[in-house]
Amino acid sequence: MTSPSFKVRTASIGAPTALAPSGGARRRFLGQATAVAASATFMPALVQAQAKNIVVTCWGGDYEKAIKSCFAEPFSKEMGIGVSLVNNADLTKMKVQVDSKNVQWDVFDSVGPQITAGARQGLWEDIDAKIVDRSDLVSPGGKDYVGTYLFGGGVAYDPKRVPEGKRPQNFKDFWDVQRFPGRRGLRTRISEALEMALVADGVAPDKLYPLDVERGFKALDRIKPSVKKWIETTPETITLLTSNELDYTYTYMSRVFPAQKAGSSVAMATGQTINSLEYLAVPKYGKNTEAAMRYVAFCLRPDRQAAFANTVFFAPNARKAVPLVAAESKQYMPDVLNTANIIMNDGWWADKYDALQKRFTEWMLT
Amino acid sequence: MNHSLSTSATVGLLAPLVVLLLVAFGYPLGLVAWSSIHVDGGFTLKAFQNLSTSTLFYRVLGNTLQISAVATGVSLLLGYVIALHLAALEPRRRMPYMVLVMLPFWTSILVKSFAFGIVLGDNGIINQVAAFLGHTGKFELMFNRVGVIIGMSNFLLPFTVFPILASLLAQNRSLHRVAEIMGAGPVRIFLKITLPLSLPGVLAGVLMAMTLSMGMYITPALLGGRKDLMMANLVDIYTRQTLDWGLASAIAIVLLLMSGILIALLLRVRRAEALGV
C-alpha cells in the first residue's frame, strides 16, 4: 500500500518543478517534498503513535446527534482524530472484546450499574491523570471511570388525562395511592426504585446513603399492588402513558422532552428527581488508549459540557460549565442544587447491586 | 417409496449440514457448557450449587414449565381444530387459509408482542368492544399470565397446525369410508381412526411448541406481569445486568437438559406406540 501511493505522490509533485519560476518557490517545493518523503517514511510509526480514528459507544436518537455535534466532531477538528459512534453497545459485548483481547471500542459510554459492573470485572483501564483533569467535577467517578453529566428521572403523567391537583409532584405523592389513585409503572431495576421508596417513606434525600435496604423493601411492599407494569425497556415508560395503559410512570427528562416535541401529551413533575450520572470508561487492551483518554478529557471541558447541556438538557458534571448553560435550558435540566433531589451514589451500589437485584427480582415474583 | 441411498451418498449429503451445525451450534454450545463449570480459571460446580439453593431459580423454573405447558396445550387444541378444518378443504381452497396461518409466522415476534397491546390493552379492541356492548369495568388481559399465554399461543400456532395437518392429510381416506359403511358415526370415526392416526403429528407439534416456549423471552417481557418471569429472562439478567456468565450458562444448560429429557420422553412414547400398533 505505502510504496505505490508514495510513487503517485512523487509523480504529482514532480510536475510543478518544471513550472516553478522562482528560487523561492523551488525552496518551498523542496521543503514540501522533504516533508512528504519524511511522512511517507515514518508513516507506520506515526500511525501507531497517534490514532486516526477512535470508536465510542452511544445510545442513538437525539443523544447520538448531540454527542456528534458537541463532542465527536469538535474533537476530530481539533485533534485530527476521527470519532465513530456505535449504538446500543452493551456491556456483554464489551466484556467479550476485553476477554478475547480483541477490543473494537475505545470508549464506553454508559450508566452507573453497567460501568461499575464493568469495573468489578476489571474491564477498564485506569484513568490517566496526566491527561484527564477531574478537579472541577461535581462527581468525579472512580479510579477507572469518569462521571460526565447527569440525567434526571421522575414521575411522569399525561396532562390531558390527569387534571391539575391530581398530579403527583414527588415520590411521596407517587406512593400515596389514596390521594393519587391510578395505574403505576416502575422499572425492573432495583437501583432508583430503592432510592424512590426510601424518599417516599420519609428519608431526607441528602441522608439517603447508606441505603436502609429493609425499610426500602417495606416501602416497596406498599406500592406493589398499585404497580400495573414493571417496565423492562425505557421507551415503554413513555409509550405506556401515551397509550393510556398507565397513569403515572417513572421515566427520564431526556425522554419526556423529545416526546413533547414529537407532539405526545406527556409531562413530568420536576420538583423532585433522581439524578444519575452517565460515565465514560476506557477498556483494557484498546488499540488507541491514549487517544481515548484525550477524548474523555475533551468531554469534560466546560465549553463542551455547556454545549451538550444546551442541546439535550443533561446537567454538566464540570462546575465551571454551569454558568455557561443558557437559562432556558436550565429549566429542563435536573437541578443539582435543589435539596429535594436525589443524587445517585453509584459507589454505594457497586458491590451490592447483584445481590439486591436478585432479591428484587425474587420479590417481584412473590 | 422405498429409495435407499448408499452409505457414501448419505455421508456426502449430510456432511455440509453436520459441518454447519458443528461450527454454528456445537461449538458455541460447547462454550456455554464449558463456562458453566469453568469459573475464574478453575473447574467448579459452584454455579450449579448456587442454582440448587436459589429460590429465584426454582420459582422461575416452575413458571417456565407451567407457562410452557399451558401455552402448548392451548396452541395444540386450537391448532388441531384449524388443521381438521384445513384437511377437509379441497387443495385449491386450502391455500388461502394456509397463508392466513402462516401470516403471523412471518411477522417478527417483537412486532407481534407490541401489537397485542392494541388488542389486549385497557383501551384495546377487546375492552372497547366489551364497553360498547355494555360491559362495565375492564378485562385484565395484559401484563399478567393471560397476556403471556395469548401471546405465546399465537406465536406457537403454526408449529402445531402444520405437523397435525400433514398427518391428517396422510391418512388413507378409505379407512374412514370403510368405518362409515360399517356404521360408525362421525364422533366414533374421529376417536377411533382420525385421532390415533394423527398422533405422530400431534407429538411433533407438542415437541416443537414445548421446546420453543421454554426459551421464550420477548413475550413474557412485554406482555407479562411481575410474576411471569421465564428462564430466558433470567439468563438475560445474569448475562447483561450482573455479568455472571457462569450462572447464566448453568441455567442455559439446565434448560437444555430439560428440553432434551422432554424430547427423549416423547420419542419413547411414540416408539412404544409404534410397536403397539
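**Exercise 1. State in which helix of chain A Met253(A) lies, and work out whether Met253(A) is buried or exposed.**

Solution. Begin with the element: Met253(A) belongs to helix α10 of chain A, which spans residues 253-261. Helices here are DSSP runs of H or I with at least four residues, strands are runs of E with at least two, and both are numbered from the N terminus. This is a predicted model, in which local features need pLDDT of at least 70, side-chain atom pairs count only at pLDDT 80 or more, and totals for chains, interfaces and linings use all residues. Residues are numbered from 1 along each chain as its sequence is written, while chains are lettered from A and ligands numbered from 1 in the order in which they are written.

Next, apply the rule for burial: a residue is buried if 20 or more other C-beta atoms, placed from the backbone, lie within 10 Å of its own, exposed if 12 or fewer do, and partly exposed in between. Met253(A) counts as buried because it has 23 C-beta neighbours inside 10 Å.

Finally, look at the partners, using the rule that two residues are in contact if their C-beta atoms, placed from the backbone, lie within 7 Å. Once neighbours within four places in sequence are set aside, Met253(A) is in contact with Phe151(A), Gly152(A), Met268(A), Phe313(A), Tyr332(A) and Pro334(A). Of this list, Phe151(A) is 102 residues away from Met253(A) in sequence, yet the two C-alpha atoms are 7.1 Å apart in space.

**Exercise 2. Find which residues of helix α4 of chain A are buried, and explain why they lie on the same side.**

Solution. The helix covers residues 91-99, and its buried residues are Leu91(A), Met94(A), Lys95(A), Gln97(A) and Val98(A). They lie on the same side of α4(A) because they cover an arc of only 160° around the axis, the arc being that of the directions from the helix axis to the C-beta atoms. What they pack against comes from both chains: β3 (108-111) and α5 (112-120) of chain A, together with α11 (231-241) of chain B. Just after α4(A), the backbone at Lys101(A) takes a positive phi of about 55°.

**Exercise 3. Describe how strand β6 of chain A is covered, and which strands pair with it.**

Solution. Take the two faces of β6(A), residues 184-187, in turn: Arg184(A) and Leu186(A) are on one side, Gly185(A) and Arg187(A) are on the other, and all are buried. For the pairing, which requires that DSSP finds at least two bridges between two strands, consider first β7(A), residues 227-231, which is parallel to β6(A) and joined to it over four bridges. Here Leu186(A) stands opposite Trp230(A). The strand β8(A), residues 248-252, also runs parallel to β6(A), with two bridges between them, and Arg184(A) stands opposite Tyr248(A).

**Exercise 4. Compare the surroundings of Glu192(A) and Phe143(B), given that phi is positive in each.**

Solution. Glu192(A), which is not a glycine, has a phi of about 75° and lies in helix α7 of chain A. Its 19 C-beta neighbours inside 10 Å make Glu192(A) partly exposed. Phe143(B), whose phi is near 60°, is found in the loop between α6 (125-132) and α7 (145-169) of chain B. With 28 C-beta neighbours inside 10 Å, Phe143(B) counts as buried.

**Exercise 5. Say which residues have the most contacts inside the largest nonpolar core, and where its largest share comes from.**

Solution. A nonpolar core is a set of buried Ala, Val, Leu, Ile, Met, Phe, Trp, Tyr and Cys residues joined through C-beta atoms within 7 Å. The largest such core has 147 residues, and those with the most contacts inside it are Val107(A), Tyr295(A), Val296(A) and Ile251(B). Its largest share, 11 residues, is contributed by α7(B). As a last step, follow one of these residues outward: apart from neighbours within four places in sequence, Val296(A) is in contact with Val107(A), Val132(A), Val146(A), Leu280(A) and Val282(A).
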